[in-house]
Amino acid sequence: MGLSLSTALAFAVTAVLTLALRPLALRLRITDKPGGRKQHIGEIPLVGGVAMFIGTLVAAMTAVQTTGLWTLLVPAALLVIVGVIDDRYNIGVSARLAAQTCAVLIMMIGGGLYLRDIGDPFGTGRLGLGILAIPGSVLVALSVINAFNFIDGIDGLAASMALIGLAAAGLATGLGPPAVSVAAMACGAILGFLLFNFPALRNRHLRTFMGDAGSTLLGFVVVWFALSICQGVDRSMSPVVALWFALMPLSDFFSCFVRRVARGKMPLHAGREHFHYVLMRAGLSGRQVLAVLLAFSVLYAAVGLIGARNKLPDWALFAPWFTLLASQSFIIRGLAVYLRHRRWSASQIVVELPASGAATHSLMRRMRRSRPLEARQRNGQGHPVGAVRAGTETNPGGSRSERPGVRL
């Protein structure tokens, strides 16, 4: 089966399963309930992760080449199962981390996919990890998996970022490596899920979330694909280039991690330090936040794609990547400050307009009152030069009383 047909099959299976599993999820109470930091309305089925996994699985099983896919599908199945259990019963951080570590080790030991080197980020030659290869790879993989779990806070965000990263990385390889076909299937599955998760009026009554099962699945697929194309003799790109395709989720993850540790909180527990919450507190709607963060993701993916196509040296790509990783939180928070200031300025203008209008009206009234008196003083007469405005009458004492329809 060709690449486009596999992608279309994954899309169709995911879309159909999302619809079919919604009633079952509602019956089994596998739903996301509003409350606390969750501001959606009603219970939303958490079946997106299961649907995307089965959609990718069906498409992969119909592919011509299936050798080695078990190193993706078996650990992915483990993450989805544990994710569904967590979505239903909230099993806690420790159990999730244990499952994620097992899944990563299956991929690394069973498939030989781990970081043997990190490229040449400092211009001193390729840096191998040696005995730190396995533990370093586990830490990197867990960071990426949880980065996508962290960023899944508003409709369409995590899935769209995974879609952008996988598509851009696939294009950067020239669509040659066998792993690209799996990435294309995953993209098809993501698109099938986004039919029910991307914020739009047409799908509001069919709104669906991916849950931890889906967010950890997407993070794992990104890790698997990145290791497949940037390690080994036949690598298609450097590991430094691959970092650009996950810059936004990673910067959000490390920003939250550092802030929570600095405040003495557990770094992997839920909170409201994420980029999307910062922008929403600044007054942006969910769709506007989605547009802003996806614009950043597209920009950074484009940089990685350009770097890969033009074979830029690793050090020239790593320095700006690391700078953005460290400063992205300040960029987002600076943008939030600007938006709040702009909103405050707009509110001040709205408040001042009635007062300004009242002052102008009072000034005009005073000017109209002074004109007859000035005319009498200039001409030495008891009446002003010219006609008095319709609807007014000048009393002997100099004051004015309203008499509509009277003309002198």
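1. In this predicted model, arginine 235 and aspartate 117 form a salt bridge in which the closest N and O atoms are 2.5 Å apart. Arginine 235 sits in the loop between α8 (211-230) and α9 (239-243), whereas aspartate 117 sits in the loop between α4 and α5 (133-151), so the bridge ties together parts of the chain that are 118 residues apart in sequence. Neither partner is left on the outside, since arginine 235 and aspartate 117 are both buried.

2. A second salt bridge joins the side chains of arginine 260 and glutamate 273, with an N to O distance of 2.9 Å. Here arginine 260 belongs to helix α10 (residues 247-262), while glutamate 273 lies in the loop between α10 and α11 (275-281), and the two are 13 residues apart. Arginine 260 has a relative accessible area of 2% and is therefore buried; glutamate 273, at 8% relative accessibility, also counts as buried because the cut-off is under 20%. The pair does not stand alone, as salt bridges with shared partners join Arg260, Arg263 and Glu273 into one network.

3. A third salt bridge is found between the side chains of arginine 96 and aspartate 86, at 3.5 Å from N to O. Arginine 96 lies in helix α4 and aspartate 86 in helix α3, so that the pair links parts of the chain 10 residues apart. Both arginine 96 and aspartate 86 are buried. As a general point, side chains of opposite charge can pair when their charged atoms come close. Over the whole structure, the search finds six salt bridges.

4. The two helices that carry this last pair deserve a paragraph of their own. The axes of helix α3 (residues 70-89) and helix α4 (residues 93-111) come within 9 Å and cross at roughly 175 degrees, which means that α3 is roughly antiparallel to α4. On the α3 side the contact is made by Trp70, Thr71, Pro75, Leu78, Leu79, Val82 and Asp86, and on the α4 side by Arg96, Ala99, Gln100, Cys102, Ala103, Ile106, Met107, Gly110 and Gly111. Sorted by class, the residues in this contact comprise 10 nonpolar, four polar and two charged ones.

5. On cysteines, the structure holds zero disulfides. Cysteine 102, which is among the α4 residues that meet α3, counts as partly exposed because its relative accessibility is 42%, a value between the limits of 20% and 50%. Cysteine 230, in contrast, has a relative accessibility of 3% and so counts as buried.

6. Serine 181 is located in helix α7 (residues 179-194). With a relative accessible area of 26%, serine 181 is partly exposed. The C-alpha atom of serine 181 is separated by 8.6 Å from that of alanine 60, although the two residues are 121 residues apart along the chain.

7. For the chain as a whole, the model contains 13 helices and four strands. The chain has 408 residues, of which 46% count as buried. Considering contacts between residues at least 6 apart in sequence, 71% of them join residues at least 24 apart. The salt bridge of arginine 235 with aspartate 117, whose partners are 118 residues apart, is one example of a link between parts that are distant in sequence.

How values were computed: Residues are numbered from 1 along each chain as its sequence is written. This is a predicted model: local features need pLDDT of at least 70, side-chain atom pairs count only at pLDDT 80 or more; totals for chains, interfaces and linings use all residues. Side-chain values use heavy atoms; hydrogens and water are left out. Axes are lines fitted to C-alpha atoms, for helices over the stretch in contact, and angles run from 0 to 180 degrees between N-to-C directions. Angles under 35 degrees count as roughly parallel, over 145 as roughly antiparallel, 65 to 115 as roughly perpendicular and the rest as oblique. Contact means heavy atoms within 4.5 Å. Ala, Val, Leu, Ile, Met, Phe, Trp, Tyr, Cys and Pro count as nonpolar, Asp, Glu, Lys and Arg as charged, and the others, Gly among them, as polar. A salt bridge is a side-chain nitrogen of Lys or Arg within 4 Å of a carboxyl oxygen of Asp or Glu. Buried means under 20% relative accessible area, exposed over 50%, partly exposed in between (1.4 Å probe, protein chains only). A disulfide is a pair of cysteine sulfur atoms within 2.5 Å.
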